[in-house]
Amino acid sequence: MAAASGARFPSAWMAGVRLRVDPRYAPTLATIALFVGMVVVGSLRFPNFLSAQVFLNLLIDHSFLLVVAVGMTFVIISGGIDLSVGAVVALAMILSAKLLRQGWNPALVVALVLTLGFLYGSAQGLLIQYFDIQPFIATLAGMIFARGLCYVTSLDSIPIRDSLYTAASQTRIGLFFVRTPDYHYYGTVLVPVRDAFVSPAVVIALLVVVIAFVVLHYSRFGRTVYAIGGNESSAVLMGLAVPRTKVLVYAISGLCSATGGILWNVYSLSGFPRAGIGMELDAIAAVVVGGALLTGGYGYVLGSVVGVLILGLVQTFIEFDGTLSSWWTKIFIGGLLLVFILVQRLLSRRTLRLPRSRRVRAAPSPPLVEQAAVEQAAVERPT
Amino acid sequence: MTATLRRFMGHRLAWPLIAVIVLIAADEVARPAFLSIRMQDGHLYGNVVDILRNGAPIALIGLGMTLVIASRGIDLSVGAVVAIAGAISCSYIVSTHHQGTLSAALVGVAIAIAAGLVLGAWNGFLVSTLGIQPIIATLVLMVAGRGVAQLITSGQIITIHNSYYHAIGDGYVLTLPIPVLITMAAFVLAGILTRRTALGTLIEAIGINPVASRLTGIRAGTIVWIVYVVSGLCATVAGLMITSNVSAADANNAGLFIELDAILAVVLGGTSLRGGRYSLVGTIVGAFVLSTLTTTVYNFGIPANENLVFEAPVVIAVVLLQSERRRELLDLWRRRRIRSQVSEVPA
């Protein structure tokens with residue numbers, strides 16, 4: 001969209017703007033500021049809030065959402081949407097739990113489930129790219145189908161007793177070590193601090209974040225994703241591999257959802273068919289709070305990570321408070337979304353306006369950029 | 001005959017109608033008395049009546065959704081509005097001294113409708129005045145709304161005993177179910193208001209090009225606002241139908257995913273999500289494709305847990321068959337065939 005590309009290359013006219021922050025980073029910086037602000041408020045209100053483990057628990061309890069939100073980031077930056085993630089997470093969970101119960105090799109199960117997630121996402125991408133079905137409808141059908149497959153596979157929760165999964169779920173990886181005297185050797189040894197650990201799932205989730213970060217921000221594929229979200233027609237005219245990239249974006253989201261499902265398997269040591277209902281909303285909310293625009297072309301992997309942490313922090317607040325009921329989480333998240341949309345709206349009004357309209361305040365000049373965007377969209381419309 | 005057939009196949013409602021006919025035919029084959037309708041206690045009973053009654057809430061929400069989508073918007077919050085409407089009316093009725101009275105039911109319904117109008121106006125405010133993208137503006141209420149509904153019911157399922165309220169979802173007038181009559185009346189009213197006046201054309205104009213429509217003097221802001229208020233109103237009334245049918249307000253599950261069903265009904269009815277031209281009749285057909293599908297799955301004795309697996313392929317098939325892309329491919333194929341036939345003719 002033209003509105004997005006106006007801010008993509010701000011240097012030409014940024015000289016006249018007082019705001020020194022690159023406008024591309026502004027929403028994400030606002031997200032980080034909000035996170036810090038929430039931590040300050042939390043530590044002032046609740047005595048035990050400011051401890052390492054409270055924050056590490058944010059990662060532990062939301063490792064699967066983190067991975068799913070990373071996949072969603074790719075889709076949203078490309079200008080699409082993926083409603084199927086929650087259902088694909090549940091499908092991956094129930095499938096791996098069932099196969100493990102039937103005595104399959106865990107490594108094989110993980111490989112199979114990840115492949116299936118990738119293929120499921122690709123199938124949706126193919127429908128979107130080659131049959132011109134809108135992402136909303138294609139992934140909605142994908143969500144219905146995946147959820148249906150979950151219910152067909154099993155209606156009840158399936159426990160996991162596989163030794164690899166149990167080991168992974170019980171392992172605690174210490175992050176900080178202290179040197180303490182060791183009475184056996186008359187020397188000192190490194191001992192992990194007791195209240196600062198993460199689970200292996202967190203390590204995997206962070207690994208996914210790092211890979212996604214590199215792919216999205218430092219690869220040709222990543223740049224193509226941004227280009228498609230900015231303006232698909234331009235991307236095609238530039239000779240970028242648009243069809244392949246669009247299919248791959250949904251495949252990545254499917255792969256991330258399957259990964260999220262396996263991490264949730266490890267977290268809960270079970271698979272249940274009703275898992276992840278409404279998870280697509282949480283993921284979309286996290287990505288938006290992280291500074292992405294649902295029109296595409298904007299957003300950062302790290303922004304989405306902070307978005308997930310903020311959603312987790314809201315929940316932690318409510319747990320610490322104790323008097324607020326669980327439904328306040330939804331209301332707070334809705335409120336946060338609203339605040340973020342308004343902030344983005346304000347920022348985009350300020351930064352996307354052409355410099356002349358800042359100086360000449362007399363006539364209410366039409367928002368040229370917006371008009372250009374609409375005209376562009378009108379050109380793209382099939383008549 | 002073939003010309004008529006070709007005209008019918010060229011119509012955008014051809015495939016959804018074929019889907020309904022095929023499904024009902026399959027039902028009739030599987031269970032011969034499927035189509036029979038009988039009179040009992042002065043009411044019509046039968047599977048077809050059930051299909052109509054179960055499709056009514058989706059069709060009604062689809063009505064508001066059609067207008068919103070025609071204006072190049074989308075309303076994701078209708079499911080949350082359904083939950084809030086049910087929660088408000090039921091918690092009011094429970095709080096009255098004699099909860100079985102007509103006045104309790106009427107006031108409960110009135111409060112719910114007022115709330116629905118406010119919620120619709122809120123969406124309209126975000127979209128029209130603040131200029132936020134519709135999908136995300138309504139996402140706010142979709143996420144927060146269910147929390148608000150739980151707040152109203154304190155997380156409980158509120159069960160009520162009020163025969164007047166129960167009639168909204170389960171009553172009959174002139175042998176027909178009340179939800180069907182309400183939905184029919186709403187569609188007739190909407191049809192008259194949008195097709196007998198310029199309103200429908202104005203909505204389509206906004207959907208096709210908002211800026212151009214504003215420059216030609218259309219009050220785009222006001223009309224967009226109206227469209228979201230109508231959607232909120234439709235969702236509220238559908239919420240009353242759904243809660244009154246079971247005489248209980250379940251903030252968690254009432255209207256869960258109904259926004260997706262409604263959007264599907266609109267898309268199946270041939271209205272493009274890109275805005276512009278819309279068809280109210282198409283939405284009715286779309287809604288009944290969905291409810292016929294559900295009934296068919298039950299009729300075939302397929303376990304309830306498996307019906308989603310059958311729903312998705314039908315949806316994809318109808319959307320694919322309707323898509324411009326398929327038409328292009330088919331046209332290309334036809335042209336090629338004609339060309340090859342032409343070239344075969346000796347000169």
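1. What share of the contacts in chain A with a separation of 6 or more comes from residues 24 or more positions apart? In this predicted model, such residue pairs account for 77% of those contacts in chain A. Chain A has 18 helices and six strands, and of its 383 residues 46% are buried.

2. Helix H7 of chain A, which runs over residues 106-130, can be checked against its expected length: at 1.5 Å a residue its 25 residues should span 36 Å, and because the C-alpha atoms at its ends are 36 Å apart, the two values agree. Just after H7(A), Asp132(A) takes a positive phi of about 60 degrees.

3. Which residues of H7(A) are buried? The list begins with Val109(A), Val110(A) and Val113(A), continues through Gly117(A), Phe118(A), Tyr120(A) and Gly121(A), and is completed by Gln124(A), Gly125(A), Leu127(A), Ile128(A) and Gln129(A). The buried residues of H7(A) pack against three elements of chain A, namely helix H6 (85-101), helix H8 (135-153) and helix H13 (242-268).

4. Turning to the interface, 37 residues of chain B are in contact with 39 residues of chain A. On the side of chain B that touches chain A, at least two residues each are supplied by helix H6 (134-153), helix H10 (210-215), helix H12 (258-268), helix H14 (307-322) and helix H15 (324-344) of chain B. Of these, H6(B) gives the most, with eleven residues. Sorted by class, the side of chain B that touches chain A has 23 nonpolar residues, together with eight polar and six charged ones.

5. Two backbone angles in chain B deserve a separate comment, given that most residues other than glycine have a negative phi. Leu174(B), although not a glycine, has a positive phi of about 55 degrees, and this residue lies in the loop between strand E4 (172-173) and strand E5 (176-177) of chain B. Thr175(B), which is likewise found in the loop between E4 and E5 of chain B, has a positive phi of about 70 degrees and is not a glycine either.

6. Are these two loop residues buried or exposed? Leu174(B) counts as exposed because it has 9 C-beta neighbours inside 10 Å, where the cut-off for that class is 12 or fewer. Thr175(B) has 14 C-beta neighbours inside 10 Å and therefore counts as partly exposed, a class that lies between the exposed limit of 12 or fewer and the buried limit of 20 or more.

Note on methods. Residues are numbered from 1 along each chain as its sequence is written. Chains are lettered from A and ligands numbered from 1 in the order in which they are written. This is a predicted model: local features need pLDDT of at least 70, side-chain atom pairs count only at pLDDT 80 or more; totals for chains, interfaces and linings use all residues. Helices (H or I, at least four residues) and strands (E, at least two) are DSSP runs, numbered from the N terminus. Two residues are in contact if their C-beta atoms, placed from the backbone, lie within 7 Å. The expected span of a helix is 1.5 Å times one less than its number of residues. Ala, Val, Leu, Ile, Met, Phe, Trp, Tyr, Cys and Pro count as nonpolar, Asp, Glu, Lys and Arg as charged, and the others, Gly among them, as polar.
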